[in-house]
Amino acid sequence: MGTARLRHDAATRFTHHQQESMDTVTSPPASASNPAQTIPVSLEINGQQHSLQVEPFVTLLDLLRERLQLTGAKKGCDHGQCGACTVIVDGKRMNSCLKLAVSLDGASVTTIEGIGTEAKLHPLQQAFIDHDAFQCGYCTPGQICSAKALLDEGRCKSRADVREWMSGNLCRCGAYNNITDAVMEVLESKPGAQS
Amino acid sequence: MIRFDYERPSDVASATQAAHVGAAPLPQVRFLAGGTNLIDLMKENVEQPTKVVDINRLPLGKIEASPDGGLRLGALVSNADTADNAEVNARYPLLASAILAGASPQLRNAATNGGNINQRTRCYYFYDTATPCNKREPGSGCGAMGGVNRIHAILGASTDCIATHPSDMCIALAALDAVVNVSGPDGERQIPFLDYHRLPGNEPWRDNHLKQGELVTSIDLPAGDFSGHYTYLKLRDRLSYAFALVSVAVALKVEGGKLADVRIALGGVAHKPWRVPAAEAMLNGQAASPELFHQAAARILDGAVGQGTNDFKIELARRAIARALAQAVAGTPQSHTDKRIA
C-alpha cells in the first residue's frame, strides 16, 4: 500500500534546488513563514503591457479577474468544461481557468474587454444583440472570444462547422440556435466585418 | 490548489534534472505542459505536486521528418497544431481525425502531444477525493465497481481498477504503430506505443511505463500510407465535447481487392488503447464482407465483461468495429462535423 503515491516528505522538500546551470526561473521554496513567493510575469493584455509578480498557483483567469479587474472572462466551471473563461492567447482561444499565469510569461492576451467598445461594437457583438444570442449573458464573453477566434481560424464554412467549432462553449440558457445564427451572419458577411 | 515550487527550465536535461535529487526521482514533481489535465487535477487535489516543472520553454515544439522516413511530432506541439499540420493531414489523416474528435477547440489549442498521452483517466471516482479509488489512493478500494460505471472498461480490467484511458489521439497512435521517445537521467529510450500504456493489474496507479522523472520528448509516426482507407468513429453521449463511450480507429490497405495491413484500435473500453493482432490477422488477405467484420469484432471483444451500467458497451463496440471497418474499406472516413454515421 502507498507505494506509488508517496505523500510529500517535508524533510526533503527544501533540498532539491540544485539547478545552478539552468537558464531558468526558480521560485524560492514556500513555507508557512514565507507564503508569498512570486514570479515575475510580463503580459500584454488587450494591447497594454503589464509587469506583474504572480504566485505560481494563480491561473490566468484569476489574474484577470481578481488582480486586473478584467471581469469579462467568467468563472463558470473552473475545470475547462464550459468555455465561459475563454480568452485569446497569442492568437489562440484557450480556457483561461486551466493556464497558470506564470507559464504565459511574454504572451499576448485578448479578453472580451479588448474586443469592440460600447461606442463601436465588434460585428460579433452586434450580431449577438441582433439575434438575441443570449439570455443571462454569463457565457457570452467566452462565446464571443471563441467566435472571434473561429472567424480568424478561417476554417468554418457551414452551420454544422460552426456548431462543431463552437462546441467548447456551453450555454445553459440554451441559446445555441441564436448563437449559431449570430456567428453565421458575421461569417457570411463581407470579409472586412470579421476583423 | 496546494502551494508548490515552480521551475521553468529551458532544456530537456535541466527539466529531468529538476525532477530528481541526484539519481533519485522526486515522486511529487510534475511536468507542466498545456496544463489542461494537470491543473484540473491539482484544483481537485487529486494531484498534489510539491514542485511543478514548467517545460513549455523546452525545444520540443516542432513537427519534422523522422530518420526512418516517418514524421516526428514534438511533445510540445499542441494537439490543434498537430491536427492542422499539412504533413499530418496528407500522410496520417487518421491522427488528425482522432485529435479533432476530442475535447474542444480551446482545449486542443492548449493541450500538447506529450500531455495527451500522459493524461489521466476521467473516472468519476478517481476525481472525487471523497470516494475510494485504488488509482488515486492505493488500497482504498474502487468506487466504480458496483457504482456508476457507464464510461468504464469492458476489457483488460482488474479487480482493483476498471478505469479507461480517455484519449482519442492515442487510439490513432496505437493503430499507426507510433513510437514514444522519452528522455531521463539514464539517457533516451524508445517505447512502442502499444507498450507505453499498461493495464491496471494490481498497480492501477501506474498508467504507463514511463519512469518517474522521465520526460516524453516526441512521438514518431512510422512511414506507411493509410490515407486511402481509414476512419475514426467515436460514439459518445453528446455529439461533441465529450469523452468516448466507444471509439474505433481503423487503418488498412486494399490490395487486389483484398484487405492488407489491417489495424483496429479501440478507445473508451480499457486502461490502454486496445488492439488484438489475432483479429487483424483474420482480415488480412481476405475480401471485405460484413460477416468477416463481425467475426473480427467478436474476436476483439473476446473476454469482454460489463460492470453493470456499461454492459451496453460490448454490443456498441461490436457494431462500431464493423461499421468502422466498412467506412475504412469504402474510403468514407467519419466526418468531424457531419455527425451522421456514414
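Biologist: How many residues does helix α12 of chain B have, and what span is expected for the helix at 1.5 Å a residue?

Modeller: In this predicted model, α12(B) runs over residues 312-330, which is 19 residues. From first C-alpha to last the helix reaches 27 Å. That is close to the expected value, 27 Å.

Biologist: What covers the buried residues of α12(B)?

Modeller: The buried residues of α12(B) include K313(B), A317(B), A320(B), I321(B), A324(B), L325(B) and A328(B). An α-helix has 3.6 residues a turn, so residues three or four places apart point the same way. The cover over the buried residues of α12(B) includes β11 (230-235), β12 (246-255), β13 (258-267) and α11 (290-300) of chain B.

Biologist: Which residue follows α12(B), with a positive phi?

Modeller: The helix covers residues 312-330. The residue after the helix has a phi near 70 degrees, and this residue is G331(B).

Biologist: What distance separates the centres of domain 1 and domain 2 of chain B?

Modeller: The domain assignment gives domain 1 as 5-56 and domain 2 as 230-330 in chain B. Taken over C-alpha atoms, their centres are separated by 36 Å.

Biologist: Which side chains of strand β2 in chain A are buried?

Modeller: In a regular strand the side chains alternate between the two faces of the sheet. Along β2(A), residues 39-45, P40(A), S42(A) and E44(A) point to one face and are not buried. Pointing to the other face, and buried, are I39(A), V41(A), L43(A) and I45(A).

Biologist: Do β2(A) and β3(A) run parallel or antiparallel?

Modeller: Seven bridges join β2(A) to β3(A), residues 48-54. Among the opposed residues are P40(A) with Q53(A) and I45(A) with Q48(A). The two strands form a hairpin with two residues between them, and N46(A) in the turn has a positive phi of about 50 degrees. The sense of the pairing is antiparallel.

Biologist: Which residue of β6(A) stands opposite I45(A)?

Modeller: β2(A) also pairs with β6(A), residues 108-110, over two bridges in the parallel sense. Opposite I45(A) in β6(A) stands V109(A).

Biologist: Which are the edge strands of the five-stranded sheet in chain A?

Modeller: The sheet is open, its pairing is mixed, and its order is β3-β2-β6-β4-β5. An edge strand here pairs on one side only, which holds for β3 and β5 (92-95) of chain A.

Biologist: What angle does the direction of helix α3 of chain A make with that of β4(A)?

Modeller: Neighbouring strands of the sheet are turned by 40 degrees against each other on average, direction ignored. Helix α3(A), residues 140-153, packs on this sheet and touches β4 (86-89) and β5 of chain A. Its direction makes an angle with that of β4(A) of about 35 degrees.

Terms used. Residues are numbered from 1 along each chain as its sequence is written. Chains are lettered from A and ligands numbered from 1 in the order in which they are written. This is a predicted model: local features need pLDDT of at least 70, side-chain atom pairs count only at pLDDT 80 or more; totals for chains, interfaces and linings use all residues. A residue is buried if 20 or more other C-beta atoms lie within 10 Å of its own, exposed if 12 or fewer, and partly exposed in between; C-beta atoms are placed from the backbone. Helices (H or I, at least four residues) and strands (E, at least two) are DSSP runs, numbered from the N terminus. Two strands pair if DSSP finds at least two bridges between them. Domain bounds come from an automatic or database domain assignment. The expected span of a helix is 1.5 Å times one less than its number of residues. Two residues are in contact if their C-beta atoms, placed from the backbone, lie within 7 Å. Axes are lines fitted to C-alpha atoms, for helices over the stretch in contact, and angles run from 0 to 180 degrees between N-to-C directions.
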